[in-house]
Amino acid sequence: MDESELHALVDGELTPQRRRELEDYLSQHKEDAALVENWRRQNAALRAAFEPVAKETPPLSLRNTAARIAAFGAPPIESGAVHWGRPSSSFRPLRRLNEPRDARTRKALIAAAAVLLAAASIGATFMIILPRLPTPRAPSHAQTTTHGYVERAELAYATFAQDTHPVDYDAAHKPEMLAALLERIGFAFAPDLSVAGLRLIGGRLTPGLQRPAGFLIYEAIGGERVALYFEPVEEEPRELVPPRTDQNLTAIEWRGEGIAFVLLGPLAGDRLQAAAERAAYEIATPARDEGSGR
Amino acid sequence: MGQREDWSLRLEAVTPALRRFARALCVSSGAAAADDLVQTAIDRAAVRARRREFRDADAAPIAAYEILISLAREKVSTGGDHRAAPREPALLRALADLPFEERAALLLVVLEGFAYDAAAAILHAPREAVVMRLMRARAALAPLDLHPSAPQDGVRRAAHLRVVK
């Protein structure tokens, strides 16, 4: 089999007829099938790595470039500065050059006016309402608990994951770590995620929402760090955290045995999902009896 | 006028993709440098389009890719490229370590979805050469092991796991 044909298969360069033939061939030849699978994974990883850039709104200067040149022609000077020597029968093009700036100024003025108005109305409201209100209360319990394990986990991730000293206990001291976490948190378990391609680096105690929480760090073969955060929950959440998107981190949250778990890391959703399923399975499985010692 | 607006709209529409491509092509020199190249590429493509150098509006985005690549190539050959920080993910490091032409071929096909013929036209290289570069690039990235994810047997799919982010 010509290797370039396998590449053509991955890149969709084959006729449907030839593609079917190759797929039949691959089902018989595991080694070539593995190659193709590896390239497909590369493709997915590359796209995942750079897709966020295409999703961003480009900077203003980039968005305007083509339109500006369409309207005014090449910038006479590379810097894009106004070239006063440009032959022109009227000042209209210059006025048009100023348009974006004028528009910005107008927008800024409107925004400033809106802010002043808002501040004034808030001030007035407070002056009228405040005296009638009972003394301000601390934020209610529900407010602080229903949102937030993911945020806590992210904070811990941002703090520790890339640190030169990310963990207090490394993997070699797992029994000590689990004993320490058990004592402070009332729960400790470090699932073995090697089947999901994650190797335990170690763990530490981290501030949780209401009490100390556990924070374990794993490393993927690609070097990405994935963290498992867990904190005991007193009550079931009434409201679930709505899905959010972030350019780098994927987070998966679940509950079990009265503990909130969050697994997060810069991996693709399905990969992290697989790791989370593995972790949930290990935590829930009766083999946990030996777990506290592992 | 209509024609003019046409190419300008095409360039605008392709800007996000150009940025993605530039970011990956200049993976070791950072976002700002990549955006600078995109700016220059769009500038020059627009100037050429305005001079009616292209037969149709679709040629403008293709020219922008060509210009972007030659700018980046110049930059690499003058050594304006610095090494990726060791903390960057392995994939990005490996991408940065690829020879420039291999990286360009790989990214045109994989990231930008160009057919082999289109990529060859953009790179001003024979189709076979582009395929060879692509093959070498993939071979270089192969050891990365970008990873298994098949759930192990015995693990039932847990319906209570939610991706919240």
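Helices are DSSP runs of H or I that hold at least four residues, and they are numbered from the N terminus. In the predicted model shown here, B:H124 is found in the loop between helices α6 (116-123) and α7 (127-141) of chain B.

**View 1. The loop residue B:H124 has a positive phi.** The phi of B:H124 is near 55°, a positive value in a residue other than glycine. Most residues other than glycine have a negative phi. Because 9 other C-beta atoms lie within 10 Å, B:H124 counts as exposed, and its loop joins the end of α6 to the start of α7 in chain B.

**View 2. B:R52, in another loop of chain B, also has a positive phi.** The phi of B:R52 is about 60°, although the residue is not a glycine. B:R52 lies between α2 (31-50) and α3 (59-77) of chain B. It is exposed because it has 10 C-beta neighbours inside 10 Å, the cut-off for an exposed residue being 12 or fewer.

**View 3. Chain B as a whole contains seven helices and one strand.** Along the sequence, the elements of chain B follow the pattern α-α-α-α-α-α-α-β. Buried residues account for 41% of the 165 residues in chain B, and among its contacts with a separation of 6 or more, 63% are between residues 24 or more positions apart.

**View 4. Confidence varies along chain B.** The mean pLDDT of chain B is 83, and 78% of its residues score at least 70. Helix α5 (residues 100-110) of chain B has the highest confidence, at a mean of 96, whereas strand β1 (residues 162-163) of chain B has the lowest, at 59. Over residues 148-159 of chain B the pLDDT stays under 50, and the model has 15 contacts for this stretch beyond four places in sequence. Where pLDDT is low, the predicted coordinates should not be read in detail. For the model, the scores are ipTM 0.82 and pTM 0.50.

**View 5. The largest nonpolar core has 57 residues, including B:L68.** Within this core, B:A45, B:A64, B:L68 and B:A105 touch the most other members. When neighbours within four places in sequence are left aside, B:L68 is in contact with B:L18, B:F21, B:A22, B:L37, B:V38 and B:A41. Another core lies apart from this one and has 43 residues, among them A:A161, A:L200, A:L249 and A:L272. In soluble globular proteins, nonpolar side chains tend to be buried together.

**View 6. Helix α8 of chain A has a buried face that packs against strands.** Helix α8 (residues 174-185) of chain A has 12 residues, which at 1.5 Å a residue should span 16 Å, and its end C-alpha atoms are indeed 16 Å apart. In α8(A), the residues A:M177, A:L178 and A:L181 are buried. Seen down the helix axis, the buried residues of α8(A) fall within an arc of 95°, so they line one face of the helix. This buried set packs against β1 (169-170), β2 (198-207) and β3 (212-220) of chain A. On the other side of α8(A), the residues A:P175, A:E176 and A:E183 are exposed. Just after the helix, A:G186 takes a positive phi of about 90°.

**View 7. Strands β5 and β6 of chain A form a hairpin.** Strand β5 (residues 250-256) and strand β6 (residues 259-265) of chain A pair in the antiparallel sense over seven bridges, and A:E253 stands opposite A:V262 in β6(A). Two residues lie between the strands, and A:E257, in the turn, has a positive phi of about 55°.

**View 8. A:A284, in helix α9 of chain A, is shown with A:G256.** A:A284 is found in helix α9 (residues 269-284) of chain A, and it counts as exposed because it has 12 C-beta neighbours inside 10 Å. Although A:A284 and A:G256 are 28 residues apart along the chain, their C-alpha atoms are separated by 7.7 Å.

**View 9. Chain A as a whole contains nine helices and six strands.** In chain A, buried residues make up 28% of the 294 residues. Of the contacts in chain A between residues at least 6 apart in sequence, 61% join residues at least 24 apart.

Definitions and conventions
Residues numbered from 1 in each chain as written. Chains lettered and ligands numbered in written order. Predicted model: local features only at pLDDT ≥ 70, side-chain atom pairs only at ≥ 80, totals over all residues. Buried ≥ 20, exposed ≤ 12 C-beta atoms within 10 Å, placed from the backbone. Contact = placed C-beta atoms within 7 Å. pLDDT = per-residue confidence, 0-100. Core = buried A, V, L, I, M, F, W, Y, C linked by C-beta atoms within 7 Å. Expected span 1.5 Å × (residues − 1). Arc of directions from axis to C-beta. Pairing = 2+ DSSP bridges.
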